[in-house]
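Could you walk me through this model in my viewer, one selection at a time? I would like to know what to pick next and what is there.

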Amino acid sequence: MKKFFVTGGAGFIGSAFVRLVLEENEDISIVDFDALTYAGNLENLKDVDDARHTFIRGDICDRDSVLNAVPDGCDAIFNFAAESHVDRSIHSADEFLRTNIIGTQVLLDAARAKNVRRFVQISTDEVMGSLPDESDDYFTEDSPLQPNSPYAASKAAAEFVLRAARETFGVDTVTTRCGNNYGPRQFPEKLIPLMIANAINDDPLPVYGDGKNVRDWIFVDDHCRAIWKVYENGRSGEAYNIGARNEKYNIDVVKSILDALGKPHDLIAFVTDRLGHDRRYAIDPAKVEDELGWKPQMTWENGLQSTIDWYLNNQAWVDNIRNGEYRNYYKAMYGAELKAT
Ligand SMILES: NC(=O)c1ccc[n+]([C@@H]2O[C@H](COP(=O)([O-])OP(=O)(O)OC[C@H]3O[C@@H](n4cnc5c(N)ncnc54)[C@H](O)[C@@H]3O)[C@@H](O)[C@H]2O)c1
C-alpha cells in the first residue's frame, strides 16, 4: 500500500484529486490534511467514504501537527493547500504569504524529516504573469517568473522555496503550473461558479472591466490526471505547465453560462476592473503532453455543461455558502447584496 499526504484536500481541486486517486488505484491510502478555512468544506469529501482516506484538520504552518500527521513511510506529499483567490490577496496579503510560503517550507522540512520520497507542489500559471493581448505568445516552462498579484507572488515564492529545498537538501520535488480550473465543488467566489450561482438566482453577474481578459480553462479532473502523471514520471526538479489549449474571453464564458441556463444577457453587470488585472493567460502544454503522454479528456462544451448541471443539482451546497460569511465578502467586494435563497 502506498501512502500519500495530501494538503488542502477539502478544497476544490484537492478533493477532486483525492476522489480520483482513490477511485483509480486500489493500493493507495491518503492522509488528507486541511485547515478547513472558508474555502475548505467537508461536504466536498462526503462521497469519499473509503477506509483508505483519513481526514485530519490542521494548519500546514503548524510544524508539530504536520510532523505528527505525515505517515511513516510516506511516498509523496501533494501540496494543494493555499489561499487561492486573487481578489482576497489584493485586499490583504498576510494570509497568502503565511500559508503559501511558510506552509510550503514547513511541509518541505517535514518531507526531509520523514524521508518522503517525492514532493509535488501544485503551483499556477499565474506565477508567470500576464501575456500581451491578442498575441501568439504562450507560457512555457522557460517563461520567467514575474507574478503580478500578491497571490501569484506568494505562489512564485513557494516555487523558490521548493527549489532551495532541492538544491540544498536534495528533496525530490516536481511542480505543476496549471491554468484556470473549473468543475464541481468550486467555491463560488471564482468566475465560473460565481456566474452560475448568480444566474441560477437571478442576481446580476459582475464582470470586471471590459470582460476581454483571457483565461485558459481546464476541467478539474484533467488537471488532477496531469498531476498524477507528473508525480509518477515527471523529472525531479522540473516544472510542468498544464493546460487544455482552451483560451476564452471572460465575457464569452459568462454568456455561455447564461445561454446554457436560458437566462438573459442583461443580467451581466460590468464592474470596475480588478487592480492589476492580468490580461491574458495561455499555456503551452507540449512538455507534459510529449514527455508524459498526458492529454485532456474533457471538452469545454461537455465540461461546462456538466459543471452547470452539478450546481443545479447541488443547490443546498451553494446555498450553504451563499447564506454564510460569503454574503459579507460579496457585499464588500461588489457593493451589492446577494438575493436570499
Ligand atoms: N483553482 C484554480 O484554478 C487553480 C489553478 C492552478 C493552481 N491552483 C492551485 O491549486 C491549489 C488548490 O486550489 P483550489 O482552487 O482547490 O483552492 P481552494 O481555495 O478551493 O482550496 C484550498 C484548500 O486549502 C485549505 N487551506 C488553506 N490554508 C490552509 C492551511 N494553512 N493549512 C491547511 N489547509 C489550508 C483550505 O481549507 C481549502 O480546503 C492551490 O495551491 C492553488 O494555488 C488552483
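## Starting at helix H10

Begin by selecting Gly303, Leu304, Thr307, Ile308 and Tyr311, the buried residues of H10. Keep in mind along the way that this is a predicted model. Now turn the view to look down the axis of H10: the buried residues fall within an arc of 130 degrees, so they line one face of the helix.

Next, select Glu301, Asn302, Asp309 and Asn313, which are exposed on the other side of H10. To see what covers the buried residues, add S7, helix H6 (191–200), strand S9 (214–219), helix H8 (250–261) and helix H11 (315–322), which are included in that cover.

While you are here, try a distance between the end C-alpha atoms of H10, residues 300–313. They are 20 Å apart, which agrees with the 20 Å that 14 residues should span at 1.5 Å a residue.

## Around the ligand

Move on to the ligand and its shell of 30 residues, where Gly8, Gly11, Ala39, Gly40 and Ala82 come nearest. Color the shell by class and you will find 14 nonpolar, twelve polar and four charged residues.

Which elements each supply at least two residues of this shell? Select helix H1 (12–24), helix H4 (94–113), strand S5 (118–124) and strand S7 (180–182). H1 gives the largest share, three residues. S7 is worth a second look, as this strand is also among the elements that cover the buried residues of H10.

## Into the nonpolar core

The largest nonpolar core has 87 residues, and the ones to select are Val6, Phe17, Ile77, Phe78, Val120 and Met195, which touch the most other members. Then highlight helix H5 (residues 150–169), the source of the largest share of this core, nine residues.

Now center on Val6. Leaving aside residues up to four places away in sequence, Val6 touches Gly14, Phe17, Val18, Ile30, Asp32, Phe33, Phe78 and Phe80.

## Two loop residues with positive phi

Finish with a pair of backbone details. Asn115 lies in the loop between H4 and S5. Its phi is near 50 degrees, a positive value in a residue other than glycine. Is Asn115 buried or exposed? Asn115 has 9 other C-beta atoms within 10 Å, so it is exposed.

The other stop is Asp202, in the loop between H6 and strand S8 (205–208). Asp202 is not a glycine, yet it has a positive phi of about 55 degrees. Asp202 counts as exposed because it has 10 C-beta neighbours inside 10 Å.

Notes. Residues numbered from 1 in each chain as written. Predicted model: local features only at pLDDT ≥ 70, side-chain atom pairs only at ≥ 80, totals over all residues. Near = placed C-beta within 6 Å. Helix = DSSP H or I, 4+ residues; strand = E, 2+ residues; numbered from the N terminus. Nonpolar A, V, L, I, M, F, W, Y, C, P; charged D, E, K, R; others polar. Core = buried A, V, L, I, M, F, W, Y, C linked by C-beta atoms within 7 Å. Buried ≥ 20, exposed ≤ 12 C-beta atoms within 10 Å, placed from the backbone. Contact = placed C-beta atoms within 7 Å. Expected span 1.5 Å × (residues − 1). Arc of directions from axis to C-beta.
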